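Let's take a walk through a protein chain, starting with a single residue pair and working outwards. Keep the 3D view open while you read.

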Amino acid sequence: MEGMALLVVSVSMLLVVLSTLKSLLVTKPKHNLPPGPWRLPVIGNLHHLITGPNIQRAMCRLSQKHGAIMALQLGELPVMVVSSPQAAQEVMKTHDVAFSDRHVSASSSALSFGGNDVAFAPYGERWRQLRKICTIELLSAARVLSFRHIREEEVSRFMENLAVSAGTGVAVNLSKMISRLIIDTFVRESIGSRCRYQDEYLNALDTAFRQTSGLNIGDLFPSSRLLKALDMAPRKVLACRNRIQRILEQIIQETKEAVDSGNDQVATRTGSEGLLGVLLRLQKECSTPIPIPLDDDTIMAVMFDMFAAGTETSSSTLIWCMTELVRNPETMAKAQAEVREAFKGKNTITEDDLKGLSYLKLVIKESLRLRTPAPLLSPRKCREPCQVMGYDIPKGTVMFVNMWAICRDPRYWDDPEEFKPERFENSDLDYKGTNYEFLPFGAGRRICPGINLGVRNIELALASLLYHFDWKLPEGVEAEDVDVREAAGLGAHKKTSLLVHPVTRIPPAPANM
């Protein structure tokens, strides 16, 4: 027996030695990864990104040293950053399917109903059908056009309030007023009227966004139970999400009752349905071909995406438009001259009047370039191994497209730090996802489906602000003193509010609400 035991031990030891030798002698295939900055143990490249409040700026500085595609290690997360139109095209066109998943962290999962929405849902049949509903039913050109009366009424009300403020001679917080305009407009487009819950909802949404706009420690080390337990962000986000869910449940119930009773205010006043009304009609008709029913939870997740994307980007872009115009008086004068010549003799502007405005549209494009609303777009995740610019990208890699860096690259833009709408004259550049040096809304399968609605919510308001009012800075503040710092985190919202004096030039007509 002792001899048999000794033989078993000897054979086992021999097998271990042979296995070890095999692992040492067999050459494992090595990935040809992109270059990147030096790393520290455990944290990887995190120390390179905390040199300032804006991650896109830090990534831009690093890419200038290491190339258009760069490898980073953020805690446990393997990350690639592309910073050129050519690399962006490979990610969002050539290998669009490979990068069609979103990176979903613990924080973003808590906020997005476990990735059950459209923005964070994994690529597949369910996502495709939900996306189809968004593009065909909710955000089609016809649907967006049907809300024109809402936009005209809300802008008219906004102009009337501004005229009252102009009469006081006191500076107004234009950032706050613009945010309120966009929120009121989008809420009416969504559910038919201003909502008694909207302030509570937006407070919860704002708190959740602040928690998800940075690099949270638990998201960077998902395998560490200790760090996940210490990271309060996901729990705070979940608490906000639960508040949002309760509010959305109440709104859905009230809207169902209004539709059933024939008291849908959007349909009654404009002859069209609100976005929520469309979803409830599809639910009732059972006409959606998605693999799962269009139940209240799915509707809630889709409406969450609509609110989140429909308010933040539009308000931020309009605030930056006015900020840059105030900082550039000659550009302001040129934009005002166009609208005042086009609308001469009118005291109210409608969307039909906007068709002939070319310079105004250039102003919006230039604002989207210089102040890209999503500087790193939405991070994608590699679903299958592929190559970008000749480098291997392993499955599971998180991919960032640094559109902020691309839109400020002097190789593609003259005087990239200057606000020059004229650069888009005689140019076919647009924001529809085919010009890879200018993708403020992304490209490919994951391009933002609400571009048309977002731009419509901006154009009339901007034209009206320029037509009815002149704008002066507070005493002692010069144009070059206007603060253009961006808020900390992954976004590019203006850090401080824009304070200005409106001076009525052409009195607006009383709002007809």
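## A pair of valines, and the sheet around them

Start at V79, which sits opposite V398 of strand 8. Keep in mind as you look that this model is predicted. The two valines belong to a longer pairing: strand 2 (residues 77–82) and strand 8 (residues 398–401) run parallel and are joined by four bridges. Outside the sheet, helix 3 (residues 55–66) packs on it and touches strand 1, strand 2 and strand 8. The direction of helix 3 makes about 125° with that of strand 1.

Now zoom out a little. The sheet is an open one built from five strands, in the order 1-2-8-5-3, and its pairing is mixed. Strand 1 (69–74) and strand 3 (101–102) are at the edges with a single partner strand each, so one side of each has no neighbour in the sheet. What holds strands together in a sheet? Backbone hydrogen bonds do the pairing, in a parallel or an antiparallel way. There's another helix to find here: helix 4 (residues 85–94) lies across strand 2, strand 5 (380–381) and strand 8, at about 130° to strand 8.

## A three-stranded sheet

Next, look for the open sheet of three strands, ordered 4-10-9, where the pairing is antiparallel. Its edges are strand 4 (172–173) and strand 9 (469–472), each of which pairs on one side only.

Strand 9 and strand 10 (residues 499–504) run antiparallel, with four bridges joining them. If you want one spot to check, find F469: its bridge partner in strand 10 is T504. This sheet has a helix lying across it too. Helix 8 (residues 148–168) crosses strand 4, strand 9 and strand 10, running at about 50° to strand 9.

## What's packed inside

Which residues have the most contacts inside the largest nonpolar core? They are M322 and L462, in a core of 77 residues. Helix 20 (residues 451–468) gives the largest share of this core, with 10 residues. M322 touches quite a list, leaving out residues up to four places away in sequence: L174, I178, M332, L462, L465, L466, W471 and L498.

Apart from that core lies another one, of 50 residues, and L138, I183, C195 and M306 are among them.

## A lysine that's partly exposed

Is K132 buried, exposed or somewhere in between? Its relative accessible area is 44%, so K132 counts as partly exposed, a label for values between the 20% and 50% cut-offs. You'll find K132 in helix 6 (residues 125–138). Try picking out G277 as well: K132 and G277 are 145 residues apart in sequence, and their C-alpha atoms are 17 Å apart in space.

## The whole chain

Finally, step right back. The chain has 20 helices and 10 strands. Its C-alpha atoms fill a box of roughly 110 × 55 × 40 Å along the principal axes. A compact globule of 513 residues would have a radius of gyration near 24 Å, and the chain, at 26 Å, agrees with that.

Of the 513 residues, 52% are buried. Count the contacts with a separation of 6 or more, and 77% of them are between residues 24 or more positions apart. As for the outside, the accessible surface comes to about 23,500 Å², and 56% of that belongs to carbon and sulfur atoms.

How values were computed:
Residues are numbered from 1 along each chain as its sequence is written. This is a predicted model: local features need pLDDT of at least 70, side-chain atom pairs count only at pLDDT 80 or more; totals for chains, interfaces and linings use all residues. Side-chain values use heavy atoms; hydrogens and water are left out. Two strands pair if DSSP finds at least two bridges between them. Contact means heavy atoms within 4.5 Å. Axes are lines fitted to C-alpha atoms, for helices over the stretch in contact, and angles run from 0 to 180 degrees between N-to-C directions. The radius of gyration is taken over C-alpha atoms; the globule rule is 2.2 Å times the number of residues to the power 0.38. Buried means under 20% relative accessible area, exposed over 50%, partly exposed in between (1.4 Å probe, protein chains only). Accessible areas come from the Shrake-Rupley method with a 1.4 Å probe; for residues, only the protein chains shown count as cover. A nonpolar core is a set of buried Ala, Val, Leu, Ile, Met, Phe, Trp, Tyr and Cys residues joined through side-chain atoms within 4.5 Å.
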